[in-house]
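User: Could you take me through the charged side-chain pairs of this model, with the reasoning set out step by step?

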Amino acid sequence: MSATMISRVVYRALSWGRAVAPPRVAQFTRAMSSYRLPELEEYRMGPQKHPVFTATELQSRITKLQNHIVSEGIDSALLTSYHNICYFSGFLYTSFGRQYGMVVLPDRTQTITPSIDMGWPHSVSVGDNISYTDWQPGNFHKAIERCVGGESGKMGIEFDHVSLDVLSALKEKFPKTEF
């Protein structure tokens, strides 16, 4: 959104029911256009709870998946569907157009969620969680990169859930990775 468009939106929002001087709106717009949120954050909301499945059941499922990816020579797995993220982490999400994921490595797991969920995913799932802001494009893929530690030789993905756009972005971000 351009600074001019932001000014118009802010002016309308601030002027409802009262007069607001346009210079004040311009000052606010300049301040907001230079404001940057961090790309990635880790939030905690108290101890983890597992309301959908027991922690033992989730850990058993994860261990089986980790053993499978090791036996198949896969370095990491990226889960992106509601079904698999909930099945393996206990976290059930509603996307509202944002991307969610869970990276499974041979030794750990990490869910990837938009920052709008704050620490909720960490409190109800197994493993760690990293939240990304969607203020800039590509932060979801930066979170994947942080989870896998850079390039991954082979990354298992859900081809029945990954769109061509998402696959193209993954291939662009990880050019040496086999999917």
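The turns below take up the salt bridges of this predicted model.

User: How many salt bridges does the structure hold?

Analyst: In this predicted model, a pair counts when a side-chain nitrogen of Lys or Arg lies within 4 Å of a carboxyl oxygen of Asp or Glu. Among the pairs that meet this condition are E57 with R61, at 2.7 Å from N to O, and E145 with K173, at 3.2 Å. The number of salt bridges in the structure is three.

User: Is R61 buried or exposed?

Analyst: R61 shares helix α3 (residues 55–71) with E57, four residues apart, about one turn of the helix. E57, its salt-bridge partner, is partly exposed at a relative accessible area of 33%. For R61 the relative accessibility is 11%, and because buried means under 20%, R61 counts as buried.

User: How many residues apart in sequence are the parts that D134 and R98 tie together?

Analyst: The side chains of D134 and R98 meet in a salt bridge at 2.6 Å, N to O. D134 lies in the loop between β5 (128–132) and α6 (139–148), whereas R98 lies in the loop between α4 (82–89) and β3 (101–104), so the pair ties together parts whose separation in sequence is 36 residues.

User: Which helix holds K173, the salt-bridge partner of E145?

Analyst: The side chains of E145 and K173 meet in a salt bridge, and the pair ties together parts that are 28 residues apart in sequence. E145 is partly exposed at 29%, and K173 is partly exposed at 28%. E145 lies in helix α6, while K173 lies in helix α7 (residues 164–173).

Notes:
Residues are numbered from 1 along each chain as its sequence is written. This is a predicted model: local features need pLDDT of at least 70, side-chain atom pairs count only at pLDDT 80 or more; totals for chains, interfaces and linings use all residues. Side-chain values use heavy atoms; hydrogens and water are left out. Helices (H or I, at least four residues) and strands (E, at least two) are DSSP runs, numbered from the N terminus. Buried means under 20% relative accessible area, exposed over 50%, partly exposed in between (1.4 Å probe, protein chains only).
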